[in-house]
Amino acid sequence: MKKRIWFLGLVPVLALLCLVVSAGRAAAAAPSGDELALDPAWKAPDQEAARERAREVVPFVDAVVDECQLCRQQRLRDMGLGVKDIVHSYFLLDSPVIKQREDHYGPVRFMHTKHAAQIQDCAVCHHARPADKAAKETVRCSACHQESFRADTPDRLGLKAAYHQQCIACHRDEAKGPMDCAGCHPKNVPDHKELVKLPANPQPWDVTAECLRCHPGAGEDMLASSHWLWRGHSAYTLDHQKKVIHGKGTTAINNF
Amino acid sequence: MNLTRRGFFRIAGAAGAAGAAAAASPSPEVRAAAVPDDPYGCLVDLTRCIGCRKCEQACNRVNALPEPERSFEDPTVLNRLRRPDARAFTVVNRYFPGRLDAGNQLVPTFVKIQCMHCQEPACASACIVGALTKKENGTVHYDVSKCIGCRYCMVACPFEIPAYEYHDPVTPRVMKCTYCYERISQAGGLPGCAEICPTEAITFGRRKTLLEVARKRIRDNPVQYLDHIYGEREVGGTSWMYISGIAFGKLGFIDVPETPTPRLSEKIQHTLFAYLWSPILLYGLLGGIMWTSRKRGPHSEAEEGDRR
């Protein structure tokens with residue numbers, strides 16, 4: 001009888017163990033497409049080829065065909081142009097046209113095929129074709145949009161503005177994709193390998209002190225937060241946004 | 001001639017009226033010494049501005065201005081309306097004029113403020129030492145070496161732009177947008193703000209070209225824009241111009257007349273004092289009165305009594 005009770009106690013323990021293992025496996029499974037796009041460490045298979053393409057400056061197209069958006073959309077459909085015709089599915093937007101003026105941000109990773117598949121209308125971005133009959137029907141942005149404020153084409157947007165107006169307007173209207181600066185392009189952060197000076201075998205507090213040497217604001221923010229004070233608004237608690245003030249410093253024993 | 005006190009005023013008054021009439025009749029078109037024919041300009045398209053404040057940041061960098069109290073990336077700065085000051089030549093303000101988006105959220109409109117670089121600048125007209133001048137490329141240029149710190153420019157400016165370094169008692173300067181004079185004087189040079197703007201909300205170019213660009217944008221998209229280019233005619237035209245989809249009055253723009261601000265003051269000054277005719281006339285008149293009355297000695301007590 002005593003032996004049987006011992007066995008019954010083992011059942012929940014085993015069940016819990018199975019749960020933990022399966023959850024761990026699920027977490028290790030491949031992340032979805034969206035997570036890939038936002039993962040800063042992700043590299044496209046053709047990353048180096050894309051980097052090469054980003055360096056190219058194509059000849060400037062000064063004249064384009066004047067046609068309405070709907071006409072163009074329909075014409076491209078009639079031609080049967082679509083996702084299957086895409087030559088390069090991935091671009092790094094890092095044109096020297098922009099970088100000759102400023103270089104504050106890293107390249108933007110643009111998934112051409114992904115956007116095309118989502119929008120299903122090439123004419124949204126490829127909104128005009130070169131007047132030259134021999135040119136391809138769809139050309140890259142930087143064929144028509146290069147330096148800003150060219151005297152010969154004063155009403156033509158520069159490349160940087162063309163990107164920003166197109167991307168921001170669409171991301172906003174569709175409520176999809178990143179909306180903040182860093183969502184699309186990482187800042188050119190100086191290499192911290194050179195900046196960080198630590199003793200040979202650093203203690204955790206050595207690291208914190210070293211971070212605070214250049215980022216004192218981050219420390220002050222932390223000292224004002226509920227993580228430090230154990231009291232204050234639980235701002236991001238579902239259904240309790242900025243309504244309840246609690247924390248270990250006030251009402252709760254442990255609200256984590 | 002028996003010149004009485006009352007008689008004197010009568011003659012003087014008549015002469016003054018004649019002088020004023022003479023001043024009014026020859027009215028040459030008074031125009032500021034040098035209004036550049038085709039200066040550089042900037043066209044700010046308020047429908048394009050996303051309020052990122054990169055222009056403020058670039059302005060701070062290229063003009064080596066002091067660090068701001070709050071970071072350029074702190075969006076809470078936009079919670080209150082600001083003015084350009086001695087530490088910032090340009091600021092971006094956020095307005096909610098009342099439009100709603102698809103999600104019933106108020107749509108913000110952002111307005112960048114800086115010196116408008118008037119075609120006929122009131123500050124340059126008011127400046128008594130010529131420290132402020134209108135340059136051929138459109139800049140209203142400030143020369144600190146000439147400035148005596150009278151701050152008349154601050155009073156004169158119809159847009160209330162120039163600021164003063166009150167915190168510096170020894171070498172204070174008048175502070176306002178320089179139009180990046182040195183930068184745009186070089187070939188291909190751009191003002192810091194226009195160069196950094198990610199959406200080309202600021203378009204840089206020749207003023208005449210920009211007016212055409214602005215008219216084309218309004219013509220091509222009459223729903224998006226009001227048919228008004230702020231700065232085309234305001235105070236006689238400015239080098240910085242704005243187009244918008246929202247009435248300018250709702251966005252903090254000052255309702256200024258189309259007459260250049262210095263027109264009246266300069267007209268008065270240039271007509272009244274041209275060739276010193278008015279002082280010559282006045283002193284001539286006074287001299288004439290003295291001449292006609294010179295033979296009469298002091299009035300006798302009897303005469304004085306008579307008149308009373």
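Select A:Cys68 first: in this predicted model, the residue is partly exposed, at 38% relative accessibility. Add A:Cys71 to the selection; its relative accessible area is 39%, and this cysteine too counts as partly exposed. Draw the bond between the two sulfur atoms: a disulfide joins A:Cys68 to A:Cys71, with an S to S distance of 2.1 Å. A disulfide is a covalent bond between the sulfur atoms of two cysteines. Looking along the S-S bond of A:Cys68 and A:Cys71, one finds a torsion of about 90°, so the disulfide is right-handed. A search of the whole structure, over all chains, gives a count of 1 disulfide.

**Cysteines without a bonded partner**

Stay in chain A and move to A:Cys184, which is partly exposed at 28% relative accessibility. Display A:Cys167 beside it, as this residue holds the closest cysteine sulfur to that of A:Cys184. The separation is 6.2 Å, which is too far for a bond, given that a disulfide requires the sulfur atoms to be within 2.5 Å.

Now switch to chain B and select B:Cys115. Here the relative accessibility is 8%, and the residue counts as buried. The closest cysteine sulfur to that of B:Cys115 belongs to B:Cys177, at 5.5 Å, again too far for a bond.

Continue to B:Cys52, in the loop that runs between strand 1 (40–45) and helix 2 (54–62) of chain B. B:Cys52 is partly exposed, its relative accessible area being 25%. Leaving aside residues up to four places away in sequence, B:Cys52 touches B:Phe72 and B:Pro198. Select B:Thr199 as well and draw a line between the C-alpha atoms: B:Cys52 and B:Thr199 are 9.9 Å apart in space, while 147 residues separate them in sequence.

**The interface of chains A and B**

Colour the two chains separately and show the residues that meet. On one side are 17 residues of chain A, in contact with 20 residues of chain B. About 1500 Å² is buried between chain A and chain B, and 55% of that area is on carbon and sulfur atoms.

Which residue of chain B forms a salt bridge with A:Lys187? Select B:Glu73: the closest N and O atoms of this pair are 2.5 Å apart. In total, 3 salt bridges are counted between chain A and chain B. Polar contacts across the interface number 11 residue pairs, with both residues at pLDDT 80 or more. The side of chain A that touches chain B is made up of 6 nonpolar, 5 polar and 6 charged residues.

**A buried glutamate in chain B**

Next, centre the view on B:Glu165, in the loop between strand 6 (163–164) and strand 7 (174–175) of chain B. Is this residue buried or exposed? With a relative accessible area of 6%, B:Glu165 is buried, because the limit for that class is under 20%. Show the side chain of B:Arg173 too: a polar contact of 2.8 Å joins it to the side chain of B:Glu165. Apart from residues up to four places away in sequence, the neighbours that B:Glu165 touches are B:Ala86, B:Thr171, B:Pro172, B:Arg173 and B:Met175.

**A buried isoleucine in chain B**

From there, go to B:Ile246, which lies in the loop between strand 9 (240–243) and helix 8 (262–272) of chain B. B:Ile246 is buried, with a relative accessible area of 10%. Display the residues around it: beyond those up to four places away in sequence, B:Ile246 touches B:Pro97, B:Arg99, B:Thr109, B:Leu226 and B:Leu251. Then add B:Arg94, which is 152 residues from B:Ile246 along the chain, with 13 Å between the C-alpha atoms.

**Two backbone stops in chain A**

Return to chain A for the last selections, which concern the phi angle. Most residues other than glycine have a negative phi.

Select A:Gln120, in the loop between helix 6 (112–119) and helix 7 (141–144) of chain A. The phi of A:Gln120 is positive, near 60°, in a residue other than glycine. A:Gln120 counts as exposed, at 55% relative accessibility.

Finally, select A:Ala175, in the loop between helix 8 (159–174) and helix 9 (181–184) of chain A. What is the phi of A:Ala175? The value is about 50°, a positive phi, although A:Ala175 is not a glycine. At 68% relative accessibility, A:Ala175 is exposed.

Note on methods
Residues are numbered from 1 along each chain as its sequence is written. Chains are lettered from A and ligands numbered from 1 in the order in which they are written. This is a predicted model: local features need pLDDT of at least 70, side-chain atom pairs count only at pLDDT 80 or more; totals for chains, interfaces and linings use all residues. Side-chain values use heavy atoms; hydrogens and water are left out. Helices (H or I, at least four residues) and strands (E, at least two) are DSSP runs, numbered from the N terminus. Buried means under 20% relative accessible area, exposed over 50%, partly exposed in between (1.4 Å probe, protein chains only). A polar contact is a pair of N or O atoms within 3.5 Å; within protein, one must be able to donate a hydrogen and the other to accept it, and residues adjacent in sequence count only if both atoms are side-chain atoms. Contact means heavy atoms within 4.5 Å. Buried area is the accessible area (1.4 Å probe) that two parts lose on being put together, summed over both. A salt bridge is a side-chain nitrogen of Lys or Arg within 4 Å of a carboxyl oxygen of Asp or Glu. Ala, Val, Leu, Ile, Met, Phe, Trp, Tyr, Cys and Pro count as nonpolar, Asp, Glu, Lys and Arg as charged, and the others, Gly among them, as polar.
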